[in-house]
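Colleague: I should be grateful for a close look at a single part of this model, the metal site, together with the elements that surround it. Please proceed from the site outwards in one connected account.

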Amino acid sequence: MGKKAWEQYDETQLKQLEVLAKQYRQFLDTGKTERECTREAVRQAEALGYVNLQDILDGRVPMQNKVYAVAMDKTIALFQLGKQPLEQGMQIVAAHIDSPRLDLKQHPLYEEAGMAYFDTHYYGGIKKYQWVTLPLAIHGVVVKKDGSTVELNIGENDDDPVIGVTDLLVHLSGEQLEKKGNKVVEGEALDLLVGNRPLAGEEKDAVKAFILNLLQEQYGMEEDDFISAELEVVPAGKAKDCGLDRSMIMAYGHDDRVCAYAGLAAFLHTEQQEKTVCCLLVDKEEIGSVGATGMKSRFFENTVAELLELTGGYSDLKLRRCLSRSRMLSTDVSAAFDPTYAQAFDKRNSAYLGGGMVMKKFTGSRGKSGANDANAEYIGVLRKVMDDAGVTWQTAELGKVDYGGGGTISYIAARYGMEVIDCGVPVLNMHAPWEVISKADLYEAAKGYHAFLNM
Ligand code: MN
Ligand code: MN
């Protein structure tokens, strides 16, 4: 089952697949946080003539049909207006660009036993024991009281230092290894070792003082500036081809940047259609789509309202009609069947690596609770679109009944009354520091998203 997509490719397609995979790896290396992904999406869109909605609203540029809007540097909606009025609805590919990680606390820096540490609070669902003894990097922003912002990116260049979380040596781990998996490494143990060198002339906490001195010299920041910072700690290093046959990619953040990238690429390669096409990349999915930059915020709705106003006049009814007549692919990753842990999966209803793009009628848990249960009629339409476009695709649900579950943004978009289905790429060891996908599934997803936007 798993190799189905690969069996169909000719030389030309294999070349296209490798080009896409390489560009995707570059996207991953450039975008390790939601802010970095948003910036990269803006860069790619502007290169193709997309303009910032705010510049139109402020009168700096005239209205045109390729527009994007950004919220707080962490979420972005891109639109190519169609030939029909916006009120007729949109074709939307939506993905999330936040990924599980360790965030620095507001008072992170302390010294203990001659070593300096950053205290963290993890973000999203992680197996905490996976995040120890790995090279980690810091990405993010520090906003000072004068309003200026300093950007940090430490640990990605070859000559950059890395940081990491220590673990107890196996020789003394008899007691630790008796604990349950979720207690082996606890949340408060995820502190990052960042220094061991004392500042000359300091008596107390001299190692911490050395770090503070360094931050002052290199970034002009004070200890209090951590209070107004968003510093995200992620696995250090680049996305890599995986497998001796190079058929896969191992990287941090496939969930959900693989769908974000495939959706963005499909969107940017779409010519003007009858209907408006849209690519929406949101933040905060991993913690429940909350906050001003998550899918539950009104950012998307407000942006569509502004576009209606610019294209013939806003009314509440037009906005409601536009959203309810829209169709969405909620593009998010699926659990790939893992034969090592076969007991967690229903073999006949699992996604397989190399099996192509995955459509999930529902996610949720315990009797589909919290799921968007996509309409049979909509799936019927999409089956034809995908088959006509030669997309290799499969269907799946997330593991066996009552084994667990997960959520996406689909149920939030569905509140507008639009047709929406989850549709993505299978991932092995999802939410681990290094996740694995098949290049064939990336390629099929990009084809599928393009077919959807062009239907
Ligand atoms: Mn996801
Ligand atoms: Mn996730």
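Modeller: A residue is called buried here when its relative accessible area is under 20%. By that criterion histidine 96 is buried, and aspartate 332 is buried too. The model is a predicted one, and every value below is computed from it.

Both residues belong to the metal site. The manganese ion (ligand 1) has as its protein donors His96 (NE2), Asp255 (OD), Asp332 (OD) and Asp332 (OD), at 2.2 to 2.5 Å from the ion. Along the sequence, the donor residues follow the spacing H-x158-D-x76-D. Histidine 96 is located in strand β4 (residues 90–96), whereas aspartate 332 is in the loop between β15 (327–330) and β16 (334–335), so the pair ties together parts that are 236 residues apart in sequence. Aspartate 255 coordinates a second ion as well: it is a ligand of both the manganese ion (ligand 1) and the manganese ion (ligand 2), which are 3.4 Å apart.

The strand that carries histidine 96 leads to the sheet. Nine strands make up an open sheet with mixed pairing, in the order β1-β2-β3-β14-β4-β15-β21-β17-β19. The edges are taken by β1 (51–52) and β19 (393–395), each with a single partner strand, so one side of each has no neighbour in the sheet. β1 and β2 run parallel and are joined by two bridges; asparagine 52 stands opposite tyrosine 68 in β2.

Two helices lie across this sheet. Helix α6 (residues 254–268) lies across β3, β4, β14 and β21 (419–424), and runs at about 150° to β4. Helix α7 lies across β2, β3, β4 and β14, at about 30° to β3. For the 12 residues of α7 (residues 299–310), a rise of 1.5 Å a residue gives an expected span of 16 Å, and the end C-alpha atoms are 17 Å apart, which agrees. The buried residues of α7 are Phe299, Phe300, Glu301, Thr303, Val304, Ala305, Leu307 and Leu308. Their cover includes α3 (53–57), β2 (66–71), β3, β4, β14 (276–282) and α8 (316–324). After α7 comes glycine 312, with a positive phi near 120°.

Strand β3 deserves a closer look at one position. Glutamine 80 is in β3 (residues 75–80) and is buried, with a relative accessible area of 4%. Its side chain reaches the backbone oxygen of threonine 270 at 2.8 Å. Apart from neighbours within four places in sequence, the contacts of glutamine 80 are Tyr50, Asn65, Lys66, Phe267, Thr270, Glu271, Gln272, Lys275, Thr276 and Val277. Among them, Phe267 falls within the residue range of α6, and Thr276 and Val277 fall within that of β14.

A further strand, β11, may be added to the account. Six of the seven residues of β11 (residues 229–235) are buried, so the strand is largely enclosed by the rest of the structure. Strand β5 (residues 101–112) runs antiparallel to β11 and is joined to β11 by two bridges; aspartate 103 has glutamate 232 as its bridge partner in β11. Strand β7 (residues 136–143) also runs antiparallel to β11, with seven bridges between the two, and alanine 137 stands opposite valine 234 in β11.

Technical notes. Residues are numbered from 1 along each chain as its sequence is written. Chains are lettered from A and ligands numbered from 1 in the order in which they are written. This is a predicted model: local features need pLDDT of at least 70, side-chain atom pairs count only at pLDDT 80 or more; totals for chains, interfaces and linings use all residues. Side-chain values use heavy atoms; hydrogens and water are left out. Donors are N, O and S atoms within 2.8 Å of the metal (3.2 Å for Na, K and Ca); water is not among the atoms, so sites may look incomplete. Helices (H or I, at least four residues) and strands (E, at least two) are DSSP runs, numbered from the N terminus. Buried means under 20% relative accessible area, exposed over 50%, partly exposed in between (1.4 Å probe, protein chains only). A polar contact is a pair of N or O atoms within 3.5 Å; within protein, one must be able to donate a hydrogen and the other to accept it, and residues adjacent in sequence count only if both atoms are side-chain atoms. Contact means heavy atoms within 4.5 Å. The expected span of a helix is 1.5 Å times one less than its number of residues. Two strands pair if DSSP finds at least two bridges between them. Axes are lines fitted to C-alpha atoms, for helices over the stretch in contact, and angles run from 0 to 180 degrees between N-to-C directions.
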